[in-house]
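Notebook open, coffee poured. Today I'm looking up a sheet, a helix and a ligand site.

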Amino acid sequence: MVQVRSGDNFAFPLEDLLSQISQRTRLIAVANPNNPTGAAVACEVLLQVARAVPMAAVLVDEAYFEFHGETILKSPERPLNLFVARTFSKAYGLAGLRIGFLAGDAGQIKVVRRIASPYNVNAFALAALPEALRDQQYVECYVADVQRGRGVLEDELKTLGLHYWPSRANFVLVRVGTAHVEFIQALRTRGILVRARHTDPGCDGCVRLTVRDTGVGLGGQNMDKSFDSFYTTKSGGMGIGLSVSRAIIERHRGRLWAEHHDGPGATFAFSIPGGPEGVAHEAPAT
Ligand SMILES: Cc1ncc(COP(=O)(O)O)c(C=O)c1O
């Protein structure tokens, strides 16, 4: 397998990718938007890649499509060797069901089906999916709310002068700096899980913050406690949610500050004075 690294600032490495194509190339896989950067590449560029390798398959993984809003699936010029993968784990919150789909030219999909393992989707997932698909209002509200939260988070990171990468997904990659381990730990002790990404190429000191909904879009008010726990279960307790995505990282006396209200006494603040390279410390719980 050949891995092609992204360019400066995680730009899509088109030239590099094209130059690595050989007679032996069978499959090119691209996540769009990308994880963990949240960067997206234009459909036209992906079509260019697919046209450059007519004898190989190009798989575009659109796991975060709903948060991005653009898909190559609808492109009228979609060549026969282009496939799109989607999951119901993200915007639909159905990670526990293990269900997604592969789309492409009908003739090509027939060939893929011949090599797919039998029973590769469980019966419960298939029974539940139509109901989830019917409830598009829920998905639209949830996505709009996450997009709003993502904007707030990015604005606050910008104000703080932290380096982040504008995201088209439901997370934002931010360079916290040398304090990243303490930052992750402090959030973890308060029940907020963020992903360490510092071992990924080009991601020194980086943390990925998942944005969950605020509940504002879902019924025009904050979720009540029962919905809160339901939602927490659905998304595995991961991410920054509810009040946190509204208040998550606020400018607070010039420091990076996260707030979490999950019952009495659970509000807390974590700060990195002096910006990304500063020393991390926790403010007392209030
Ligand atoms: C780009 C990308 N594709 C696919 C997946 C996995 O989705 P699933 O839960 O369907 O395995 C992820 C999950 O993080 C992802 O980031």
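I started with the open sheet: 4 strands in the order E1-E2-E3-E4, with mixed pairing. (Strands are DSSP runs of E, at least two residues; helices are runs of H or I, at least four; both are numbered from the N terminus. Two strands pair if DSSP finds at least two bridges between them.) The edges are E1 (27–31) and E4 (100–103), each pairing on one side only. From one strand to the next, the twist averages 20°. (Axes are lines fitted to C-alpha atoms, for helices over the stretch in contact, and angles run from 0 to 180 degrees between N-to-C directions.)

Note to self: this is a predicted model, where local features need pLDDT of at least 70 and side-chain atom pairs count only at pLDDT 80 or more, while totals for chains, interfaces and linings use all residues. Residues are numbered from 1 along each chain as its sequence is written.

Next I checked how E1 meets E2 (residues 57–61): they pair in the parallel sense over 5 bridges. As a reminder, strands of a sheet pair through backbone hydrogen bonds, either parallel or antiparallel. Ile28 stands opposite Val58 in E2, and Ala31 stands opposite Asp61.

Which side chains of E2 are buried? Val58 and Val60 are, and they point to one face; Ala57, Leu59 and Asp61 point to the other and are not buried. (Buried means 20 or more other C-beta atoms within 10 Å of a residue's own, exposed means 12 or fewer, partly exposed is in between; C-beta atoms are placed from the backbone.)

Then I looked at helix H2 (residues 43–52), which packs on the sheet and touches E1, E2 and E3 (82–87). Its direction makes about 155° with that of E2. (Contact: C-beta atoms, placed from the backbone, within 7 Å.) I found Leu46, Val49 and Ala50 buried in H2. Down the axis of H2 they fall within an arc of 95°, so they line one face of the helix. (The arc is that of the directions from the helix axis to the C-beta atoms.) What covers them includes helix H1 (14–20), E1, E2 and E3.

Last, the ligand. Around it I listed Ala31, Asn35, Asp61, Ala63, Thr87, Ser89, Ala95 and Gly100. (Near means a C-beta atom, placed from the backbone, within 6 Å.) That shell has 3 nonpolar, 4 polar and 1 charged residues. (Ala, Val, Leu, Ile, Met, Phe, Trp, Tyr, Cys and Pro count as nonpolar, Asp, Glu, Lys and Arg as charged, the others, Gly among them, as polar.)

Terms used:
Two residues are in contact if their C-beta atoms, placed from the backbone, lie within 7 Å.
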